[in-house]
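Welcome! Here is a short, friendly briefing to read alongside the sequence and the 3D view.

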Amino acid sequence: DARQRPAFIGAVNGLAAGNLVPAPGGVLIRDQQGVVLGAIGITGDTSDIDERCAISAVESQGLEADPGVVG
């Protein structure tokens, strides 16, 4: 979640010459032990729906989706 890592997002945005817009829609893919295997990003609808689609796709494969939200 970009709100939890403002310094990181600021640094990446600097590298992207101001062209980074953090928004929901992507999630980390973890195995059952919590090891990160990769990531998936979806776009085409609202950010919240994109994120739900990404989570659904990952979970349909028996893996864990990690949207990075600390709650």
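What follows starts with the whole chain and then turns to its parts.

Please keep in mind that this is a predicted model. The protein chain has two helices and three strands, and their order along the sequence is α-β-β-α-β.

**The chain as a whole**

- The protein chain has 71 residues, and 15% of them count as buried.
- About 4900 Å² of the protein chain is exposed, with 57% of that area coming from carbon and sulfur atoms.
- Among contacts in the protein chain with a separation of 6 or more, 46% are between residues 24 or more positions apart.

**The hairpin of β1 and β2**

- Strand β1 covers residues 26-30 and runs antiparallel to β2, with five bridges joining the two.
- Across this pairing, L28 sits opposite A39 in β2.
- Five residues lie between the two strands of the hairpin, and in this turn G34 shows a positive phi of about 90°.
- Strand β2 spans residues 36-41 and is hardly covered: of its six residues, the number that are buried is zero.

**Helix α2**

- Helix α2 runs through residues 47-60, which makes 14 residues.
- From the first C-alpha of α2 to the last is 20 Å, close to the 20 Å expected at 1.5 Å a residue.
- Which residues of α2 are buried? They are D50, E51, A54 and V58.
- These buried residues take up an arc of only 100° around the axis, so they lie on the same side of α2.
- The buried residues of α2 pack against β1, β2 and β3, the last of these being residues 64-66.
- On the face of α2 turned away from its buried side are the exposed residues R52 and S60.
- Just after α2 comes G62, with a positive phi of about 80°.

**D66 in strand β3**

- D66 belongs to strand β3.
- Is D66 buried or partly exposed? Its relative accessibility is 22%, so D66 counts as partly exposed; the cut-off for buried is under 20%.
- D66 and V27 are 39 residues apart along the chain, yet 5.3 Å separates their C-alpha atoms.
- Leaving aside residues up to four places away in sequence, D66 touches V27, L28 and R30.
- With R30, D66 also makes a polar contact of 2.8 Å between the two side chains.

Key:
Residues numbered from 1 in each chain as written. Predicted model: local features only at pLDDT ≥ 70, side-chain atom pairs only at ≥ 80, totals over all residues. Heavy atoms only, no water. Helix = DSSP H or I, 4+ residues; strand = E, 2+ residues; numbered from the N terminus. Buried < 20%, exposed > 50% of the residue type's maximum accessible area, 1.4 Å probe, protein only. Contact = heavy atoms within 4.5 Å. Areas by Shrake-Rupley, 256 points an atom, 1.4 Å probe, with all protein chains shown as cover. Pairing = 2+ DSSP bridges. Expected span 1.5 Å × (residues − 1). Arc of directions from axis to C-beta. Polar contact = N/O pair within 3.5 Å; in protein donor to acceptor, adjacent residues only side chain to side chain.
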